[in-house]
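Trainee: I am new to this structure and would like to walk through it with you. Could we take it one question at a time?

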Amino acid sequence: MSFLTVRGLSLGYNSRCIVENLNFFVNPGDYLCIVGENGSGKTTLMKTLLGLQSPLGGQIITGDGLSLNEIGYLPQQTDMQKDFPASVKEIVLSGFQGQCGLRPFYKTEEKQKALETMRRMGIEDLSGRCFRELSGGQQQRVLLARALCATQKLLLLDEPVTGLDPKVTAELYELIRGLNREGVTIMMISHDIAAAVQYASHILHIGKTAFFGTTTDYLNSPLGKGYIPQEGGERHA
């Protein structure tokens, strides 16, 4: 059964529709990249899936035991967030807040899991460092660790490599692919369609023309061929 099933979804602000009749699903183990032009509604879709704003129409159905508080989210970073004056350990631990309820402390097992997650992300030695002192790539690893503390099921990542240099970008892409291979389901917004088709199992392209399907089907579709450079030539769009 699918983690998420989206049927006839319409998205927008103040009754102004920017996406209509969107249909797709996400199964456990999928790696779905969401692509499209700037302003096409990619971030709006993620916020709607998280319940941060209401859809204008349609259905979002969770299944296979997934609840909304089991979705980890890594939003686009703002300058204010990059300058946040907290330690790496504090930020990673805050991923458990959705599970704490009224409990004003973290359990021993949560602290242990945070430590294991930092080790998994290669940031264990940064535990006591202030977040705002870190490089962009280190900050993204911290926020990814925080999202993993919220869930091991489904991660929503909103352009996680924006502003990173090519080497750090490649390392973060490989880290995310490794998580997917370990069984974490990934939904990622990407402005880099070439990278999306390299890593993803499925593509959701939203805009004036929409597509949902496997990466192979996308590459063979008129829409995909228009955005991906073809062998011996340049991209068509």
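Trainee: Which residues point one way from β8, and which point the other way?
Mentor: Keep in mind that this is a predicted model. In a regular strand the side chains alternate between the two faces of the sheet. In β8, residues on both sides are buried: on one side they are H202 and L204, and on the other I203 and H205.

Trainee: In which sense do β8 and β9 pair, parallel or antiparallel?
Mentor: Strand β9 covers residues 211–214, and 4 bridges link β8 with it. Within this pair, I203 stands opposite G213. The sense of the pairing is antiparallel.

Trainee: Which residue in the hairpin of β8 and β9 takes a positive phi?
Mentor: Look at the 5 residues between the two strands. There you will find a phi near 155°, and the residue that takes it is G207.

Trainee: How many bridges does β8 form with β3?
Mentor: Here the strands, β3 and β8 (residues 202–205), run in the parallel sense. One pair to look for is C33 with its bridge partner I203 in β8. The number of bridges between β3 and β8 is 4.

Trainee: Which residue in β7 stands opposite L32?
Mentor: Strand β7 spans residues 185–189 and runs parallel to β3, joined to it by 4 bridges. Opposite L32 in β7 stands M187.

Trainee: How many residues of β3 are buried?
Mentor: Take the two sides in turn: Y31, C33 and V35 point one way, L32 and I34 the other, and all are buried. The strand is therefore largely enclosed by the rest of the structure. For residues 31–35, the count of buried residues is 5 of the 5.

Trainee: Which residues of α1 are buried?
Mentor: Helix α1 runs over residues 42–49 and is mostly covered, with 6 of its 8 residues buried. Just after the helix comes G51, with a positive phi of about 80°. The buried residues of α1 are K42, T44, L45, M46, T48 and L49.

Trainee: Does N21 count as buried or exposed?
Mentor: N21 sits in strand β2, which covers residues 16–26. Its phi is positive, near 50°, although N21 is a residue other than glycine. Exposed means over 50% relative accessible area. At 55% relative accessibility, N21 therefore counts as exposed.

Trainee: And E159, is that residue buried or exposed?
Mentor: E159 belongs to the loop between β6 (154–158) and α7 (166–181). Its phi is positive too, about 45°, and E159 is not a glycine. The cut-off for buried is under 20% relative accessible area. Since E159 has 17% relative accessibility, it counts as buried.

Trainee: How does E116 count by its relative accessibility?
Mentor: You will find E116 in helix α5, residues 108–120. Its C-alpha atom is separated by 12 Å from that of R146, with the two residues 30 apart along the chain. At 41% relative accessibility, E116 counts as partly exposed.

Trainee: Which residues is Q77 in contact with, leaving aside its neighbours within four places in sequence?
Mentor: Start from the loop between β5 (71–74) and α2 (79–82), where Q77 lies. Q77 and K89 are 12 residues apart in sequence, and their C-alpha atoms are 18 Å apart in space. With the neighbours in sequence set aside, the contacts of Q77 are K82, F131, Q139, Q140 and L143.

Trainee: Stepping back to the whole chain, what is its radius of gyration?
Mentor: The protein chain has 10 helices and 9 strands. For its 237 residues the globule rule gives 18 Å, and the chain comes close to that, so it is as compact as a globular protein of that length. Its C-alpha trace spans about 50 × 40 × 35 Å along the principal axes. The radius of gyration is 18 Å.

Trainee: What percentage of the residues counts as buried?
Mentor: The chain exposes about 11900 Å², with 50% of that supplied by carbon and sulfur atoms. Among contacts with a separation of 6 or more, residues 24 or more positions apart account for 66%. Of the 237 residues, the buried share is 49%.

Methods
Residues numbered from 1 in each chain as written. Predicted model: local features only at pLDDT ≥ 70, side-chain atom pairs only at ≥ 80, totals over all residues. Heavy atoms only, no water. Rg over C-alpha atoms; globule rule 2.2 N^0.38 Å. Buried < 20%, exposed > 50% of the residue type's maximum accessible area, 1.4 Å probe, protein only. Contact = heavy atoms within 4.5 Å. Areas by Shrake-Rupley, 256 points an atom, 1.4 Å probe, with all protein chains shown as cover. Pairing = 2+ DSSP bridges.
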